[in-house]
Amino acid sequence: MAVEVTWWGHATCTVEDSGVRVLTDPLFVRRLAHLRRRRGALPPPEAAVADAVLVSHLHSDHLHLPSLARLAPGTRLVVPRGAPRAVPALARLDLRVTEVGPGDEVDIGHVSVRAVPALHDGRRLPLGPHRAPALGYVINGAARTYFAGDTGLFDTMADEVGPVDVALLPVGGWGPYLGHGHLDAGRAAQALAVLAPRSAVPVHYGTYWPIGMDSVRPHEFHSPGDEFVRKAARLAPRVAVHRLGHGERERFGPEAAR
C-alpha cells in the first residue's frame, strides 16, 4: 500500500497512509500578521479534511487557531504537552485534543504517530513562557513518514527519529534570515544524509513573506527548494528528493517500506 503526501504550502501537508489522513500544521489564510502568502492558491476546503491533525509547536504560523477552527468537530488534534495551558483558546475549539511529549505514541486508525524532539523555540511568541516543547512526528503505517516541524540540526536526530522512509524537511522560512533552531537548504541536506530516508520532500519555504520586503534578499524566498535538491544530490545521493508545487501530491510506493 502506498503513502501519499500533498504539500499545501509552508509546513502544511496531508499524509495519507493506510486509509488515514493526517494533516500537519494547518495554515489556511492569505495573511498572518505581517506575513502575506506570495505563492500558491489558498488550500481548498478538502485540505481541512483529516482524521488527525499534528501541531509541531506553538508559533502562530504552526498553531493557527482560525485554521484549526475549520476542522470538522471532533477531529483529533495532537499538540505538544502543555499547549492548552499556553494557548487557552484551544479549549474553545470543538476538537479532541491529545497532548504528547517526545517518545509518546498515539494510535489513529491503522497508523501510529510518535512524537520526537525538535531543536526549536516552542514558546507562544512573542512573550510566552516555555510551557511546551517543539516536536516532530513520525507517522508509522505502510511507510514511516517523518514530519520535522521546525527544527535545527542536532547530534541525536537520527537516533531520536529512527529509520524513516519519507522525510518532510523544512528548508527555509518566512523571512530573509533564519535564526537558531531552523534548517536552511544546506543544513536540511545534512539532516537528510544523517536520516537516510528513501525519499524526501522540502517544505516550509516559498509561501509566506513579510509585507514590504519583496525586494529584500528575494532569493531567500524563491531558491531554497532548488538549492535543497542540489545539495541533497551531493550529500545524500541515494535519497530521491521530490520538490512539490503548492497543492501537488506525490505517491510513494510499497517499495519505500523497509
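Worked exercises on a predicted model follow.

Residues are numbered from 1 along each chain as its sequence is written, and side-chain values use heavy atoms, with hydrogens and water left out. In this predicted model, local features need pLDDT of at least 70 and side-chain atom pairs count only at pLDDT 80 or more, while totals for chains, interfaces and linings use all residues.

**Exercise 1. Describe the overall build of the protein.**

Step 1: Take the secondary structure. The protein has six helices and 17 strands. Both are DSSP runs numbered from the N terminus: helices are H or I with at least four residues, strands are E with at least two.

Step 2: Check the compactness. The radius of gyration is 17 Å, close to the 18 Å that the globule rule gives for 258 residues, so the protein is as compact as a globular protein of that length. The radius is taken over C-alpha atoms, and the rule is 2.2 Å times the number of residues to the power 0.38.

Step 3: Add the dimensions. The C-alpha trace spans about 50 × 45 × 35 Å along its principal axes.

Step 4: Turn to burial. Of the 258 residues, 55% count as buried. Buried means under 20% relative accessible area, exposed over 50%, and partly exposed in between (1.4 Å probe, protein chains only).

Step 5: Look at the contacts, meaning heavy atoms within 4.5 Å. Among contacts with a separation of 6 or more, 65% are between residues 24 or more positions apart.

**Exercise 2. Find the nonpolar cores.**

Step 1: Fix the term. A nonpolar core is a set of buried Ala, Val, Leu, Ile, Met, Phe, Trp, Tyr and Cys residues joined through side-chain atoms within 4.5 Å.

Step 2: Take the largest core. It holds 52 residues, and those touching the most other members are Tyr137, Tyr146, Val161, Leu168, Leu169, Leu192 and Phe228. The largest share of this core, six residues, comes from α4.

Step 3: Add the second, separate core. It has 20 residues, including Phe28, Ala50, Leu71 and Ala83.

**Exercise 3. Trace the open sheet of three strands.**

Step 1: Write the order. It is β4-β5-β15, with antiparallel pairing. Two strands pair if DSSP finds at least two bridges between them.

Step 2: Name the edges. β4 (31-32) and β15 (208-210) are the edge strands, each pairing on one side only.

Step 3: Zoom in on one pair. β4 and β5 (residues 35-37) pair in the antiparallel sense over two bridges. Arg31 stands opposite Arg36 in β5.

**Exercise 4. Place His10 and Pro117 in the fold.**

Step 1: Locate His10. It lies in the loop between β1 (3-9) and β2 (12-17). His10 is buried, with a relative accessible area of 2%.

Step 2: List its contacts. Beyond neighbours within four places in sequence, His10 is in contact with Leu27, Asp61, His62, Trp174, Val203, His204, Thr207 and Tyr208.

Step 3: Move to Pro117, in strand β10 (residues 111-117). Not counting residues up to four places away in sequence, Pro117 touches Pro102, Ala134, Gly136, Phe154 and Glu160. Pro117 and Glu160 are 43 residues apart in sequence, yet 7.0 Å apart in space, C-alpha to C-alpha.

**Exercise 5. Compare two residues with positive phi.**

Step 1: Recall the background. Most residues other than glycine have a negative phi.

Step 2: Examine Asp25. Its phi is near 35°. Asp25 sits in the loop between β3 (20-24) and β4. It is buried, at 0% relative accessibility.

Step 3: Examine Ala196. Its phi is near 55°. Ala196 sits in the loop between α4 (185-195) and β14 (199-203). It is partly exposed, with a relative accessible area of 39%.

**Exercise 6. Work through the salt bridges.**

Step 1: Count them. The whole structure has nine salt bridges. Each is a side-chain nitrogen of Lys or Arg within 4 Å of a carboxyl oxygen of Asp or Glu.

Step 2: Take Asp165 and Arg144. Their closest N and O atoms are 3.5 Å apart. The pair links distant parts of the chain: Asp165 is in the loop between α3 (157-161) and β13 (166-170), and Arg144 is in strand β12 (residues 144-147), 21 residues apart. Asp165 is buried, with a relative accessible area of 1%.

Step 3: Take Arg243 and Asp226. Their closest N and O atoms are 2.8 Å apart. Arg243 is in the loop between β16 (240-241) and β17 (248-252), and Asp226 is in helix α6 (residues 224-235). Arg243 is partly exposed at 42% relative accessibility, and Asp226 is partly exposed at 36%.

Step 4: Look for a network. Salt bridges that share partners join Glu4, Glu16, Arg21, Arg249 and Arg251 into one network.
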